[in-house]
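Here is my note on the structure, set out as numbered points to be read beside the sequence and the coordinates.

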Amino acid sequence: MTGPADWWRHAVVYQVYLRSFADGNGDGTGDLAGLRLRLPYLADLGVDALWVNPWYPSPLRDGGYDVADYRSIDPRFGTLAQAQALVAEAHALGLRVLADIVPNHTSDQHRWFQAALAAGPGSAERERYWFVDGTGAGGDQPPNDWPSVFGGRAWTRVTEPDGRPGQWYLHLFDVSQPDLNWGNPEVIAEFEDVLRFWFDRGIDGFRIDVGHGLAKDPTLPDLGLSGGDEALLGVARGENHPYWDRPEVHAVYRGWRSIGDGYDPPRVFVGEVWLDEPERLAHYLRPDELHTSFAFELTDPDWDAEGFRTAIDAAMAAARLASAPVTWVLSNHDLPRHVSRYGRPAAVRKRFGADAYDFTGLDVALGRRRARAAALLSLALPGGVYLYQGEELGLEEVLDIPAEQRDDPLFTRSAGTLPGRDGCRVPLPWEPDGSSLGFGSNGAWLPQPRAWAGLAASVQAGDPTSMLQLYRRALALRRSEPVLGSDSFTWRPSRPSVLHFARGEVAPTVEVLVNLGADPVHLPAGEVLLASQDVRAGRLPADAAAWVRVTPSLRSPP
Ligand code: NOJ
């Protein structure tokens, strides 16, 4: 058993993309009022905590990851008092609340950036960001060749207060997201204060945006890229990268951890750290740094047994290096929904870029069947799990959002060559009817497929065969079966197209089988606790998974 201070080691955290979760005031945008009304739904689902995507005042140029004020709530989402009420109500239901901190960059509407623009070159205000003179005649070329993750270059030139063309500022993401200078002690102090502000208001922890970012090489060397081919979130590779995974970032997190540890109960951090090298990732998970970081490995393979096996081994090896639990993820607000990833005919191995959005030949029903199995896979692995809102309803990626309604800067900055991330951010269906399927009383900010009426939460709640009920039962079993809360995990021998592992060292174990092949496979003798499809005569169909409790007397003879 883990004590309350260790809750995060095996927690299931539900990601609330606030804008699209539930609209309480009928303006078409999700908000805190809507979330508060739906808290009982999350408690019934059986999750341990929620992570709420950025809720701060923001121009929403990047869905709120462009923060204008870190100590307040955007009026479209509600008020600070509502946020505090949300935390209190969630706690009363046994749910913890994680917020989202965005330290790599602010919004260009943040008072610091506005002050920097007004103060001009050489000022202390500009030292909070990366304002640099350009190169070439008249400084009209950018300081170096760094590309923006969203396409185009990472530098934009400003007009100085006197009207002349002036310095350039760095934005690794959208032009509206200037990068902060983490070499400046003022920046460090400011964020430590922001953490305290929210911890004092009961927030249980933070998800850290672009956790492998923040620090920059102050000499700003060229990358030497032939084209702007950075992956969407900038997976860091190699030693001494000028802006990803710099050693200086670890001192920042040590400071944050000591602040979090000073609270009772201690506050926790989960990092969004895109790193391919386990040894480097382990540095972020040292006992005096972050508690966890997302294991994005499981988002890598489409429906592919070898891919999943490799992903699971890699994530567990990385976590072992740091004695940290793995934090599994199948989907989030940046990735095409996994129902659609699993329903495409050919496996795609790129998370980002044009391939990731190629859904030619998509079979949504097949993807949904496989997603049921994937839920039983991820929820049976040791460690924590983050669920992305709507995956418990089996929602697919929405592919037909009209160009004029697309909102993601990835769409505009790629000149429409990438559809962007709106397709996984479409507001949830709660009811089978109404102007926005129960999302709110007055439409939704992105159009919902009409077919989602049949996937509405209220419809699925009454259907024992639904995806929602599968998640509810899986989450209940995760709590009631002690071995599912343990760290034990053993691969069992199986044919290549089947994943088979055991949880628990001593009997009874829970054996987990996922059948990614074309033919049914025999389940071990035992009690089927849960299966994603009907199990007949002890055989698990294709594209299905099962959890089986095996006691010694029931184990099949060798
Ligand atoms: C990662 C967030 O998840 C994504 O939505 C955002 O666009 C970038 N960081 C930039 O903040």
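1. Helix α13, made of residues 467-480, lies across strands β16 and β18, and the helix runs at about 130 degrees to β16. Please keep in mind, for this point and for those that follow, that the model is predicted.

2. The two strands that α13 crosses, β16 and β18, belong to an open sheet of five strands, whose order is β12-β13-β14-β18-β16 and whose pairing is antiparallel. Strands β12 (490-491) and β16 (527-531) stand at the edges of this sheet with a single partner strand each, so one side of each is left without a neighbour in the sheet. Helix α10 (residues 364-378) also packs on the sheet, where the helix touches β13, β14 (509-515), β16 and β18 (544-550), and the direction of α10 makes about 40 degrees with that of β18.

3. At the β12 edge, the pairing with β13 (residues 498-503) is antiparallel and consists of two bridges. For anyone who wishes to find this place in the viewer, T490 stands opposite A502 of β13. As a general reminder, the strands of a sheet pair through backbone hydrogen bonds, in either a parallel or an antiparallel manner.

4. The loop that leads from β13 to β14 holds P508, and the peptide bond that joins A507 to P508 is cis, with an omega near 0 degrees. A cis bond is also found from D264 to P265, here with omega near -5 degrees, and P265 is placed in the loop between α6 (249-261) and β8 (268-271).

5. A further backbone detail concerns L220, a residue other than glycine whose phi is nevertheless positive, near 50 degrees. L220 lies in the loop between β7 (205-208) and α6.

6. Which residues are closest to the ligand? They are D62, H105, D209, H333 and D334, out of 14 residues that surround the ligand. When this shell is sorted by class, seven of its residues are charged, five are nonpolar and two are polar.

7. For three of these closest residues, distances to oxygen of the ligand can be given. An N or O atom in the side chain of D62 is 2.6 Å from an oxygen atom of the ligand, and in the side chain of D209 an N or O atom is 2.7 Å from an oxygen atom of the ligand. For H105, a polar side-chain atom lies 3.0 Å from an oxygen atom of the ligand. On its own the ligand has 300 Å² of accessible area, and the protein covers 100% of that area.

8. Another open sheet has three strands in the order β4-β6-β5, with antiparallel pairing. Its edge strands are β4 (131-132) and β5 (155-159), each of which pairs on one side only. Strand β5 runs antiparallel to β6 (residues 165-170), to which it is joined by four bridges, and within this pair W155 stands opposite L170 of β6.

Conventions:
Residues numbered from 1 in each chain as written. Predicted model: local features only at pLDDT ≥ 70, side-chain atom pairs only at ≥ 80, totals over all residues. Heavy atoms only, no water. Pairing = 2+ DSSP bridges. Contact = heavy atoms within 4.5 Å. Axes fitted to C-alpha atoms, helices over the stretch in contact; angles between N-to-C directions. Near = heavy atom within 4 Å. Polar contact = N/O pair within 3.5 Å; in protein donor to acceptor, adjacent residues only side chain to side chain. Areas by Shrake-Rupley, 256 points an atom, 1.4 Å probe, with all protein chains shown as cover. Nonpolar A, V, L, I, M, F, W, Y, C, P; charged D, E, K, R; others polar.
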